[in-house]
Amino acid sequence: MISHASHQPPAPARVFLSGAPGTGALAEHVLTTGHGQWWTDRAEEPRVVAVTCGGHALLAGDPSAVTPDELAPLARHYVDTPGRFVPVLGAAFEQLVPWERMLYVHRAKAVAPRVPRGVTVRRLSPDDMPALAALDPSMAWIHESWEGPAALAASGLGWVAVRKGRVLAVACSRYLGHRYEDVACATAPDERRQHLALACVTGLTTDIAARGHRASWSCSRDNRPSRLLAWTAGFRLDHEYVHHVAGPVSRGSRLAEAA
């Protein structure tokens, strides 16, 4: 893969600092929080720069400066990159699947949620770490961009719906940018359709606005429940885009030996 890996940003990290919504805020999140990893083709004067966090990756630079054998760390990531990188990515991985995405920005008032009795909706606190660690496995992805439940709980950048100490739903700033905060939410499978996610997202977007930021929301075009929740919470479509899902490394490449 790209030969130099570090938690410290390389000099050309500024290529990603665009104040963009959605996963465009990923690089800013890594710069601000330290959660994530930087990759370059070489330690000095890199020509290609990638940053990964929470299963997503941004890739920029000169595609002629990198070979398929150098891209192993991007395997099984959702890669957001200019089209000029698609041929080299296609050569690096057995599968490179384009995925149509929709990006929303918070622009309207949310529909008022109705929270069931016995459920408390409130801001996340460090004391919630054990409850986040005990989330249903299907919800564990929610803290991947924070590299675990402890950092997410300590950040305070989330809202939870709680009943008797159990977190039923959580919404958080998945990627923290200097202009946008990209929102993610998850609900326990047995607690859905009770407005819990809507209540958490509403609290979170209020906090984001109070910080002087704007909330964004990104999801698959095929994810109708996510799109409906976004609309109900006051998000409106900004634009559509495509990122690529990188599969395992190609067996026909030396990359398979290095991965």
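Me: What makes β10 and β11 a pair in the parallel sense?

Reply: In this predicted model, strand β10 (residues 180–187) and β11 share three bridges in the parallel sense. Pairing needs at least two bridges, so three bridges qualify. At one of the positions, Tyr-180 stands opposite Arg-214 in β11.

Me: Which helix joins β10 and β11 in a β-α-β unit, and what is its hand?

Reply: Helix α5 (residues 196–210) makes the unit with β10 and β11, and the unit is right-handed.

Me: How do you know that β6 pairs with β11?

Reply: Strand β6 (residues 96–106) and β11 have five bridges, in the antiparallel sense. The cut-off is at least two, so β6 and β11 count as paired. Met-102 has Cys-219 in β11 as its bridge partner.

Me: Why is β11 called largely enclosed?

Reply: Strand β11 covers residues 214–220, and six of its seven residues are buried, so the rest of the structure largely encloses it.

Me: Why is Cys-53 not in a disulfide?

Reply: The closest cysteine sulfur to that of Cys-53 belongs to Cys-172, 11 Å away. A disulfide needs the two sulfur atoms within 2.5 Å, so this pair is too far for a bond.

Me: What about Cys-200?

Reply: The closest cysteine sulfur is in Cys-185, at 8.1 Å, which is again too far for a bond. The structure holds zero disulfides.

Me: Why are Cys-53 and Cys-200 called buried?

Reply: Buried means under 20% relative accessible area. Cys-53 has 5%, so it is buried. Cys-200 has 0%, so Cys-200 is buried too.

Key: Residues numbered from 1 in each chain as written. Predicted model: local features only at pLDDT ≥ 70, side-chain atom pairs only at ≥ 80, totals over all residues. Heavy atoms only, no water. Buried < 20%, exposed > 50% of the residue type's maximum accessible area, 1.4 Å probe, protein only. Helix = DSSP H or I, 4+ residues; strand = E, 2+ residues; numbered from the N terminus. Right-handed = clockwise from strand over helix to strand, strands pointing away.
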